[in-house]
Amino acid sequence: MSADDLDELTRRIFADRDPVAELLEARRAAAAAPPEPCIIPMPEFPPRRPGALFGGPIRYRCTVPGGGCPWAYELDPYAADLGPLVFPLSGSLEELDRAITEQAERRGREVREGIEGALREHFAREHPGQEPPDLHAVGESAAAGRGARLP
Ligand SMILES: [Zn+2]
């Protein structure tokens, strides 16, 4: 692909779009919507194994009110078999964009549901009669999460 081809491709992608206006509108809509309930705590990123090329597991600690529970759910995103990304070779740019977005959203939903399911299962087994708390309702923010430090 030459520089002219890339310029033409860029013009076609943004011909009928105003990306800045789209971004600002998305931010306004996100700020206006009430937050969805969230039971997933901020993750922790334990040090990776010596010699490992990529990051290790991501740890989500139990959120039982009062703390003190040592249980944690660990997710290794590099070990998960997510299957291949599938691209429509003969599709338009919009179809390609839609296919990639749908697969990314599906994968994100599967990861979120896996973490939520593990937390609910743990609460049912170890903290009977309690539900994982909605962290938005109890005021835990992304910045204030106890596991917000990166390695
Ligand atoms: Zn627990």
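**Exercise 1.** State how many of the twelve residues of helix 1 are buried, and where this leaves the helix.

Solution. Begin with the terms: helices (H or I, at least four residues) are DSSP runs numbered from the N terminus. A residue is buried if 20 or more other C-beta atoms, placed from the backbone, lie within 10 Å of its own, exposed if 12 or fewer, and partly exposed in between. In helix 1 the number buried is zero, so the helix lies largely in the open. Next take Ile 13, which lies in helix 1. Ile 13 has 13 C-beta neighbours inside 10 Å and therefore counts as partly exposed.

The model is predicted: local features need pLDDT of at least 70, side-chain atom pairs count only at pLDDT 80 or more, and totals for chains, interfaces and linings use all residues. Residues are numbered from 1 along each chain as its sequence is written.

**Exercise 2.** Compare the span of helix 1 (residues 3–14) with the span expected at 1.5 Å a residue.

Solution. The expected span is 1.5 Å times one less than the number of residues. For the twelve residues of helix 1 this gives 16 Å; the end C-alpha atoms are 17 Å apart, which agrees.

**Exercise 3.** Treat helix 3 (residues 93–126) likewise.

Solution. Helix 3 has 34 residues, and 50 Å is expected. From first C-alpha to last, helix 3 reaches 49 Å, close to that value. Two of its 34 residues are buried, so helix 3 lies largely in the open.

**Exercise 4.** Find how far apart Ile 13 and Pro 50 are in sequence and in space.

Solution. In sequence they are 37 residues apart. In space, C-alpha to C-alpha, the distance is 43 Å.
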